[in-house]
Amino acid sequence: MTHKVLSLFALAFFSLSLSAQTVREVRMPEEVPSPPLNIAEKETGVWCAVEVGGGATLMENRKNVAIVGATAVVGYRFNQYLKIGAGLGAVYYPNSENARRKDGHLGMPLFVQARGNILSDETRRFVPFWNVTIGSCLPDGAFFTPGLGLRFGEKRSAFTLSVHYTARTLKSYPGVGDSWSGALLKLGYEF
């Protein structure tokens, strides 16, 4: 009988010690990681574009000048319909000795550019855009170059193909005139 009493006493003791402990799960507050910054999804912000292209002046009764160049623009994107920036570049006039009164074949354009989409890029991968560039090409003079093109790619990362009319002043020989106009074709990338 003592054996039964001891067994009952041991069972009661262990059951009391087991029921006295409550198991409670403690959870530490979790830090919610912030999503990584994806510049490509932002509607506004810094905007950059680089372009290479070429063309020629299209003048009657004059020697025409070929134009080859590259430009870079840094600016601000207000929305998909308006981007404004400042840029510079390099222009090479390969056959200019008969038309320009300059020893060198190089020029350096400094300019302001505005461009924007014509249609929304929300649902399209190919988006038409407009472009207007106004500036001065050292050492020749002022230029005005409007254009139309096609963007293909993402919202903030796209290739561009565009056609431009250019009106510019080139230091010409006396009696030839300094005003020239022509057409340009450009291939670029904007981000």
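A nonpolar core is a set of buried Ala, Val, Leu, Ile, Met, Phe, Trp, Tyr and Cys residues joined through side-chain atoms within 4.5 Å. The exercises below use that term on a predicted model.

**Exercise 1. Describe the largest nonpolar core: how many residues has it, and which have the most contacts inside it?**

Step 1. Count the members. The largest nonpolar core has 14 residues.

Step 2. Pick out the best-connected ones. Val-65, Ile-67, Val-91, Tyr-93, Cys-137, Leu-170 and Trp-180 have the most contacts inside this core.

Step 3. Map the core onto elements. β1 (45-57), β2 (66-79) and β8 (179-190) each give two or more residues to it.

Step 4. Follow one member outward. Beyond four places in sequence, Cys-137 touches Val-91, Tyr-93, Gly-107, Met-108, Pro-109 and Phe-143. Val-91 and Tyr-93 are also among the core residues with the most contacts.

**Exercise 2. Work out the overall architecture: which elements does the chain have, and in what pattern?**

Step 1. List the elements. The protein chain has 1 helix and 8 strands.

Step 2. Put them in order. Along the sequence the pattern is α-β-β-β-β-β-β-β-β.

Step 3. Assemble the strands. They form a closed barrel that runs β1-β2-β3-β4-β5-β6-β7-β8, with antiparallel pairing. On average, neighbouring strands of this sheet are turned by 25° against each other, direction ignored.

Step 4. Recall what holds such a sheet. Strands of a sheet pair through backbone hydrogen bonds, either parallel or antiparallel.

Step 5. Add the chain totals. Of the 191 residues, 33% count as buried. The accessible surface is about 12,200 Å², and carbon and sulfur atoms hold 68% of it. Among contacts with a separation of 6 or more, 56% link residues 24 or more positions apart.

**Exercise 3. Trace the pairing from β1 to β3: how many bridges join β1 and β2?**

Step 1. Start at β1. It pairs with β2 in the antiparallel sense over 12 bridges. Within that pair, Cys-48 stands opposite Val-74 in β2.

Step 2. Move to β3 (residues 82-92). β2 and β3 pair over 11 bridges, again antiparallel. Thr-71 has Gly-89 in β3 as its bridge partner.

Step 3. Check the connection. A hairpin of 2 residues joins β2 to β3.

**Exercise 4. Place β5 in the sheet: which of its side chains are buried?**

Step 1. Look towards β4. Strand β4 (residues 106-117) and strand β5 (residues 126-138) run antiparallel and are joined by 10 bridges. Val-112 stands opposite Ile-134 in β5. Asn-117 stands opposite Phe-129 in β5.

Step 2. Look towards β6. β5 and β6 run antiparallel and share 12 bridges. Here Pro-128 stands opposite Leu-150 in β6. A hairpin with 2 residues links β5 to β6.

Step 3. Read the faces. Val-127, Phe-129, Asn-131, Thr-133, Gly-135 and Cys-137 point to one face and are buried. Phe-126, Pro-128, Trp-130, Val-132, Ile-134, Ser-136 and Leu-138 point to the other face and are not buried.

Step 4. Inspect the end of the strand. Leu-138 and Pro-139 are joined by a cis peptide bond, with omega about 10°. Pro-139 is found in the loop between β5 and β6 (141-153). For context, most peptide bonds are trans.

**Exercise 5. Compare two strand residues: is Leu-110 buried or partly exposed, and is Ser-162 buried or exposed?**

Step 1. Locate them. Leu-110 is in strand β4. Ser-162 lies in strand β7 (residues 158-169).

Step 2. Apply the cut-offs. Buried means under 20% relative accessible area, and exposed means over 50%. Leu-110 has 38%, so it is partly exposed. Ser-162 has 1%, so it is buried.

Step 3. List the contacts of Leu-110. Neighbours within four places aside, they are Gly-87, Leu-88, Gly-135, Ser-136, Leu-138 and Phe-143. Leu-110 and Ala-90 are 20 residues apart in sequence and 9.3 Å apart in space, C-alpha to C-alpha.

Step 4. List the contacts of Ser-162. Not counting residues up to four places away, Ser-162 touches Glu-51, Phe-129, Leu-148, Gly-149, Leu-184, Leu-185 and Lys-186. Its side chain also makes a polar contact with the side chain of His-164, at 2.8 Å.

Definitions and conventions
Residues are numbered from 1 along each chain as its sequence is written. This is a predicted model: local features need pLDDT of at least 70, side-chain atom pairs count only at pLDDT 80 or more; totals for chains, interfaces and linings use all residues. Side-chain values use heavy atoms; hydrogens and water are left out. Buried means under 20% relative accessible area, exposed over 50%, partly exposed in between (1.4 Å probe, protein chains only). Helices (H or I, at least four residues) and strands (E, at least two) are DSSP runs, numbered from the N terminus. Contact means heavy atoms within 4.5 Å. Accessible areas come from the Shrake-Rupley method with a 1.4 Å probe; for residues, only the protein chains shown count as cover. Two strands pair if DSSP finds at least two bridges between them. Axes are lines fitted to C-alpha atoms, for helices over the stretch in contact, and angles run from 0 to 180 degrees between N-to-C directions. A polar contact is a pair of N or O atoms within 3.5 Å; within protein, one must be able to donate a hydrogen and the other to accept it, and residues adjacent in sequence count only if both atoms are side-chain atoms.
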